[in-house]
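Welcome! Please have a look at the structure below, and then we will walk through it together.

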Amino acid sequence: MLGPIVRKNRVRENQATPARTTKSGERMRRFWRTRAACLTGAVTELQRVTVLTGGVGGARFTRGLLARLGEAYPDGDGGTRVAVTVVVNTGDDMTLNGLRVCPDLDTVMYTLGGGISEEQGWGRDEETKRVSGEIAAYGRGWDWFTLGDLDLGTHIVRTELLRDGATLSEATEFLCRRWRPAARLLPMSDQPVETHVRLAGAADEHPAGSLIHFEEWWVRYRAGAAASEFVQVGLESAVPAPGVLEAIRDADVVILPPSNPVVSVGTILAVPGVRAALRETSARVVGVSPIIGGSAVRGMADACLATIGVDTSAQAVALHYGARASGGLLDGWLVDEVDAPAVPTLAAAGIPARAVPLWMRDVATTARMASDALDLAFAAGERA
Ligand code: GDP
Ligand code: CA
C-alpha cells in the first residue's frame, strides 16, 4: 500500500530542498531528513532503490518492482521517477566457444527489456538453435549447454566490446542501449569472478575434490552431484564495479529479491566492500524469501543451501543474512503466508518480518510483492 506515502510526499515536494553539499554530507542530510520525517509522521520521497540480484528470480521481481513504482511514483511517461539500480551477479559468467556469456545479466536485461522467453524465464523469446547444431557437428559444443541463435548475437557483441578494451560495465551499458530496461544494470564487478563447485564425489570425467564451473554443476548435473563448497575464482582481485557501492550507500531502500541466497546474492555479497556498504548505508535493507514452505520455488537453491549448511526454509535464509541490528544485513524480511509461523521467531531475532503471498505468478502479483517489500522498508524506517 503505497498510496498514503504518495500523499505525504506531496507535502514534502513543496518544501525547500537544502543545497547539495558533499557526498557524505548528502547522505547524512538524507538520513536525518528521513528520520525527522518518520518522527513527524511524514514519509520522505522515495528517490533511489537498489536491488542485488541473480537471474530469473531477481529479474522477475525487479519487473514487478518497476511496475509498482510506475503506479506509485509515475514519471508522466509510462515509467517511474524513482531511480532503480540493479546490481547483478556475474559469478555464473563463463567463456564458451570463445564468447563471454553472462547468464544473469542477460536474464535481467531481456526480462526488463521485453525480450525474455516467458516459459523458460531465461534466454530469448522465439529462439532457434541452428548455430549450436553446427558447433556440435564440429564436436566443439557442450551437450549440456546450448546457446540460442538470437542470444549468440548478444554474446558476440559483448565479446567484441570486451576484446576492444571495454569493461563489462561499459559493455553492459552498450547492450542496454538496445533493450532500454527501465533500470540501470550494473555487473557486481568488472573483474571476472566465476563460481566453481568442489565435487564431494566423482562425476563422469571429474574426480572427487575437483572444481567445476557452477553452470556445469547446475545445468549438466542439475545440482545433483554432491558438492562440498563453492569457490569464487578471481574474488581476491575483484572490486565492485563503478557505481555499485554508491548505489548501495545512496539508496533509500535496498532490496534483496527472491534470488538464490548462496550463488546469486551470496556471490555479490562476497565482492570486497559490498557487505560493508550494506551495513553502513542509511537505506533500509529488506529481503524477500526465495524459499516458500520449505522448498526452493522453481529451481534447486536447496542444494546450494545444503552445501553451506543452511536449512531450506524462509526463516533459516533470513537468519543466514542476519539482523542489521546485530551485525547482519536485514531491516526486514518478507515470507510467504504459509511461512507465517516464522514471523514471531524472526522478530525475536531482530528481523521484522511479514507474511504475504510470495508466488510471482505474473507482473501484477509480483508488483504487489514489491509493494509489500517497500511498505516493510518504510515501516523499518519508522522504527529507526
Ligand atoms: P537464477 O540466477 O536464474 O537462478 O535466478 P535468481 O538467483 O535470481 O533466483 C532464483 C531463485 O528464485 C530460485 O532459487 C527460487 O528460490 C526463487 N524463485 C523463483 N520463482 C519464485 C517465486 O515465484 N517466488 C519466490 N518467492 N521465489 C521464487
Ligand atoms: Ca544465476
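## A walk through the model

Strand 1 (residues 48–53) runs parallel to its partner, strand 9, and three bridges join the two. Helices (H or I, at least four residues) and strands (E, at least two) are DSSP runs, numbered from the N terminus, and two strands pair if DSSP finds at least two bridges between them. This is a predicted model, in which local features need pLDDT of at least 70, side-chain atom pairs count only at pLDDT 80 or more, and totals for chains, interfaces and linings use all residues. Residues are numbered from 1 along each chain as its sequence is written, while chains are lettered from A and ligands numbered from 1 in the order in which they are written.

Strand 9 also has a parallel partner in strand 10 (residues 284–288), with four bridges. Here are the strand pairs to look for:

| Strand pair | Sense | Bridges |
|---|---|---|
| Strand 1 and strand 9 | parallel | three |
| Strand 9 and strand 10 | parallel | four |
| Strand 6 and strand 8 | antiparallel | six |

Individual bridges can be found too: V51 is matched with I255 in strand 9, and V253 with R284 in strand 10.

Which way do V253 and I255 point from strand 9, and which way V254 and L256? V253 and I255 point one way, V254 and L256 the other, and all are buried. A residue is buried if 20 or more other C-beta atoms, placed from the backbone, lie within 10 Å of its own (exposed if 12 or fewer, partly exposed in between). In a regular strand, side chains alternate between the two faces of the sheet.

Now find the open antiparallel sheet, whose three strands come in the order 7-6-8. Its edges are strand 7 (211–213) and strand 8 (227–233), each pairing on one side only. Within this sheet, V197 stands opposite F230 in strand 8.

Next comes helix 4 (residues 103–113), which is largely enclosed by the rest of the structure because ten of its eleven residues are buried. Among them are L105, V108 and M109. Just after helix 4, G114 takes a positive phi of about 85°.

Helix 4 and helix 3 (56–72) each supply at least two residues of the shell around ligand 1. Helix 3 gives the largest share, three residues. Of the 23 residues around ligand 1, G54, G55, G57, S259 and P290 come nearest (a residue is near if its C-beta atom, placed from the backbone, lies within 6 Å).

Finally, for the whole chain: there are 15 helices and 14 strands, and 44% of the 384 residues count as buried.
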